[in-house]
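Reader: I would like a careful look at one part of this model, with its surroundings described in enough detail that I can follow along in the viewer.

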Amino acid sequence: MHKLGRGSRDKVQQFMAITGASEKVALQALKASDWHLEGSFDYFYSQPQISVTNSRHLEDLYSRYKECDADMIMVEGTSQLCNDLLVDPQDVVMLVISWHMKAATMCEFTRQEFIDGLQSIGVDSIEKLREKLPSLRAEIKDDNKFREIYNFAFAWAREKGQKSLPLETAIGMWRLLFAERHWPLIDHWCQFLQVRHNKAISRDTWSQLLEFVKTIDPQLSNYDEEGAWPYLIDEFVEYLTENGCVQRNK
């Protein structure tokens, strides 16, 4: 800010004092309004993602949950966050929040992930985040967002350095995700994997299952045996037919 003239510096200070925004946001709003103070307020309050979050509050919130000896929020901090939000750590809403934060690893948040994520949600306090929980949870019901969250979940739940998901982790994630989408074959799919597969799940299998769920009806009436489905999904269809789980009309 030392490069600015006195008048501009004064406007930045006034803007920060009135809005509680950071210097970065103040400069952004003032530049966008050609350094007219009144116009900068109009710009600021028309931008929901910046107007409702206060960077100092976000920093304080991050400090509350981060490790004492590391610049990261780890399992203990994430558990405390869940307690403060009054949600179970296994609640799907924590997956949605992690998706907004673009978190690389389950139960971990970097400073940037945490602060940028809360800004994208448009909150700067636990109370505001708690109020947003119903709308965040509802994002699972939106087809496009569900696809993004589903694809995000694979890398998020994976152990560091691994390319595949351990079977039990994958099953847990599928149950969590499809509980909200009510796929009738989820129990059969999980049972089939435990009985017949019993191996880690690749990203290809993870991705193709979503396509299967979205395009093939639960009675498999539109399933094409000559289609380009992965071997595992073809096996699953055989398993369903052999065990009388569905009645297919050939």
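How many residues does helix 11 have, and how far does it reach from its first C-alpha to its last? Which of its residues are buried, and what covers them?

Author: This is a predicted model, in which local features need pLDDT of at least 70 and side-chain atom pairs count only at pLDDT 80 or more, while totals for chains, interfaces and linings use all residues. Residues are numbered from 1 along each chain as its sequence is written, and side-chain values use heavy atoms, with hydrogens and water left out.

Helix 11 has 13 residues and reaches 18 Å from its first C-alpha to its last, close to the 18 Å expected at 1.5 Å a residue; the expected span is 1.5 Å times one less than the number of residues. The helices and strands named here are DSSP runs, numbered from the N terminus (helices are H or I with at least four residues, strands E with at least two). Leu 167, Ala 170, Ile 171, Met 173, Trp 174, Leu 176, Leu 177 and Phe 178 are the buried residues of helix 11, where buried means under 20% relative accessible area, exposed over 50% and partly exposed in between, with a 1.4 Å probe and protein chains only. The cover over these residues includes helix 7, helix 10, helix 12 and helix 13, with contact taken as heavy atoms within 4.5 Å.

Phe 178, which lies in helix 11, is a good residue to centre the view on. Phe 178 is buried, with a relative accessible area of 2%, and, leaving aside residues up to four places away in sequence, it touches Phe 146, Tyr 150, Trp 183, Ile 186, Leu 209, Leu 210 and Val 213. By contrast with these contacts, the C-alpha atoms of Phe 178 and Glu 76, which are 102 residues apart along the chain, are separated by 27 Å.

Among the elements covering helix 11 is helix 13, and it deserves a description of its own. Helix 13 (residues 203-215) has 13 residues and reaches 19 Å from its first C-alpha to its last, close to the 18 Å expected at 1.5 Å a residue. Its buried residues are Thr 205, Trp 206, Leu 209, Leu 210, Phe 212 and Val 213. These residues lie on the same side of helix 13 because they cover an arc of only 160° around the axis, the arc being that of the directions from the helix axis to the C-beta atoms. What covers the buried residues of helix 13 includes helix 10 (143-157), helix 11 (167-179), helix 12 (186-197) and helix 14 (231-242). Leu 209, Leu 210 and Val 213, all buried in helix 13, are among the residues that Phe 178 touches.

The packing of helix 13 against helix 14 can be described further. Their axes are 10 Å apart and the two helices pack at an angle of about 50°; axes are lines fitted to C-alpha atoms, for helices over the stretch in contact, and angles run from 0 to 180 degrees between N-to-C directions. Helix 13 and helix 14 are therefore oblique to each other, since angles under 35 degrees count as roughly parallel, over 145 as roughly antiparallel, 65 to 115 as roughly perpendicular and the rest as oblique. On the helix 13 side the meeting residues are Thr 205, Gln 208, Leu 209 and Phe 212, and on the helix 14 side they are Leu 232, Ile 233, Phe 236 and Val 237.

In the loop between helix 13 and helix 14 you will find Leu 220, which has a positive phi of about 65° although it is not a glycine. Most residues other than glycine have a negative phi. At 1% relative accessibility, Leu 220 counts as buried.

Helix 12, which also helps to cover helix 11, contains His 197. His 197 is buried, with a relative accessible area of 18%, and its side chain reaches the backbone oxygen of Ala 200 at 3.5 Å. That pair falls under the polar contact rule, namely N or O atoms within 3.5 Å, where within protein one must be able to donate a hydrogen and the other to accept it, and residues adjacent in sequence count only if both atoms are side-chain atoms. Not counting residues up to four places away in sequence, His 197 touches Phe 192 and Leu 232.

Helix 7 (92-100) is likewise part of the cover of helix 11, and Lys 102 has its place in the loop between helix 7 and strand 2 (109-110). Phi of Lys 102 is near 55°, a positive value in a residue other than glycine, and at 67% relative accessibility Lys 102 counts as exposed, whereas Leu 220 counts as buried.
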